Amino acid sequence: MAVNLGNAGLLNWRAEFHDPKMEALFRHSILSHNACQLSLALCVIALLFLVFALADYSLLGKSEGFLLLLSARLVTVTTCLLLALAVWRQPALAQRALPVNLVGLFSITVLLLTLLVRPLHEGLHVASLVVASMALYLFLPNRLPWMLAGNAYLLVGFVGTTLFSASLPPVLIMTSLLLLLFTNLLGWLSITHLKRLKRLQFSMLLEERSANRRLKEEIAERKALEARLRYMACTDGLTGVANRRHFFELATQELRRARRDGTPLAICMVDVDLFKRLNDHHGHAVGDMVLTRVADCCRSVLRECDVVGRYGGEEFVIVLPLADLATAAIVGERLRQQVSALQLPMLPPQTPLSVTVGISQLAPGESRLDPALLRADRALYAGKAAGRNCVVVAGAPPPGASHRYAGALWRPELTILLDEAPATAAAVQAAAVPAAEPPPDRF
Ligand SMILES: Nc1nc2c(ncn2[C@@H]2O[C@H](COP(=O)(O)OP(=O)(O)OP(=O)(O)O)[C@@H](O)[C@H]2O)c(=O)[nH]1
């Protein structure tokens, strides 16, 4: 709930919030505190009533008057203690007007009774009235109108009893009355100030809480926006896989890990076959849909730790940590089969859809991805030259296996390292893939 602290009319004459909902909220917030204070106040009042029985005895002796006062005191003590117990067990009672004010009324009546029954001792009488008045204002948690009513009753009762007993000199009565009036004024001002302070403090707390809530919401919004921006900066908008830049970040991490742990790392280049024709025949939107579905296929054949990115156009690249060439060949072949089996509602049933996959592996001592990427790219172009819709591995098959192993075509001559003599590399390239060499600027 928003609170305007600058609003001078925030509180009414009772030093309570104008807004009943706000007041109810405040009273609810101090319920347990009020209950504790009331229980304590009732116990102290009971103790005082009990202790002052000794004063009665010393002033009255063992007389009828003393017995009358004693029984009145005992009833007061009992009601105070019973209410304290009830409030302790059920704190909501502390904010009900009836129980507190009934006990208060009864206690004041017993106090006035002592003024009547005990012989005159003006100092003691006035002191006890002042203490009672201050207790009504400051000690017993109550609402201001009830405090004023209790004190009015005390004041009128004092006037009545002094007139009734007619034993005090008029000057003393006037002095005592003035003292009591001053006590009332002081009590009223103090409790109004106190109530005002408590409510202002509560308003500030609410204001702070709502500011904190707004701040938290803003932080959450900003975090969501940051996450969205991060996602957009790292992800290819069409297919949802990592974009080229982010792919290289992730792939470089995997490369470092593989070098540090001495584990294998395989790379697959995946290219959609005859994609230009598909685009031209069915439109760009259909082409986009095909790319999305191929990306889905990539994700579905990969493990959690594998990294797939859109390399550009209709080409994807995959890094397979902890995978050697044979494992990568199995993954590539599975991907090829999945794409071949794709049925897209926007394409006529017989429309061929396939990918060619080129596979390579990080060679020992290589500290960059480019050579392995180049080898995978060469394998991919060899696959295109070999008729597409196939998996080509830049490497030798496992000992004893044929050059067609794990569904892939194995081409050991494509494993030429970048560092090797250009002449050798050129010779092998010329022999291996004369018709489909990757453009030199791809890396
Ligand atoms: N729909 C769509 N097409 C794209 C996108 N990016 C690139 N292309 C198209 O992809 C086609 C790539 O064609 P090519 O590089 O000639 O390759 P291809 O037709 O697949 O032939 P091969 O690779 O030899 O099988 C081009 O027509 C590009 O316009 C894209 O995001 N969406």
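These exercises work through a predicted model, from its helical spans to its sheet and loops. Residues are numbered from 1 along each chain as its sequence is written. As the model is predicted, local features need pLDDT of at least 70, side-chain atom pairs count only at pLDDT 80 or more, and totals for chains, interfaces and linings use all residues.

**Exercise 1. Annotated spans**

Find where UniProt places the "transmembrane region" feature, then describe residues 35-54 and 172-191.

Solution. Start with the record. The unreviewed UniProt entry gives residues 35-54, 66-88, 100-117, 123-140, 147-166 and 172-191. Such positions use the numbering followed here, feature names are shortened, and annotations may be inferred rather than shown by experiment. Next, look at the model. Residues 35-54 are 100% helix and 0% strand, with end C-alpha atoms 30 Å apart. Residues 172-191 are also 100% helix and 0% strand, and their end C-alpha atoms are 28 Å apart. Helices (H or I, at least four residues) and strands (E, at least two) are DSSP runs, numbered from the N terminus.

**Exercise 2. The sheet**

Write down the strand order and identify the edge strands.

Solution. Step one: the open sheet has seven strands in the order β2-β3-β1-β4-β5-β7-β6, with mixed pairing. Two strands pair if DSSP finds at least two bridges between them. Step two: β2 (307-312) and β6 (404-405) are the edges. Each has a single partner strand, so one side of each lacks a neighbour in the sheet. Step three: check the partners. β2 and β3 run antiparallel, joined by five bridges. Here V308 stands opposite I318 in β3. At the other edge, β6 and β7 (residues 408-410) are antiparallel with two bridges. R404 faces L409 in β7.

Step four: add the helices. Helix α11 (residues 325-340) packs on the sheet and touches β1, β3 (315-321), β4 (355-361), β5 (391-393) and β7. Its direction makes about 170 degrees with that of β4. Helix α12 (residues 370-385) lies across β1, β4 and β5, at about 145 degrees to β4. Axes are lines fitted to C-alpha atoms, for helices over the stretch in contact, and angles run from 0 to 180 degrees between N-to-C directions.

**Exercise 3. V241**

Is V241 buried or exposed, and which residues does V241 contact?

Solution. First, locate V241: the loop between α7 (170-234) and α8 (244-261). Then count. V241 has 25 other C-beta atoms within 10 Å, so V241 is buried. The scale is: buried at 20 or more other C-beta atoms within 10 Å of its own, exposed at 12 or fewer, partly exposed in between, with C-beta atoms placed from the backbone. Last, list contacts (C-beta atoms, placed from the backbone, within 7 Å). Leaving aside neighbours within four places in sequence, they are D236, A295, C298, V308, G309, R310 and F316. V241 and C298 are 57 residues apart along the chain, yet their C-alpha atoms are separated by 9.4 Å.

**Exercise 4. Positive phi**

Where do L274 and R388 lie, and what is the phi of each?

Solution. Recall the background: most residues other than glycine have a negative phi. L274 is in the loop between β1 and α9, and its phi is positive, about 45 degrees. With 16 C-beta neighbours inside 10 Å, L274 is partly exposed. R388 is in the loop between α12 and β5. Its phi is near 70 degrees. R388 has 15 other C-beta atoms within 10 Å, so R388 is partly exposed.

Key:
Contact = placed C-beta atoms within 7 Å.
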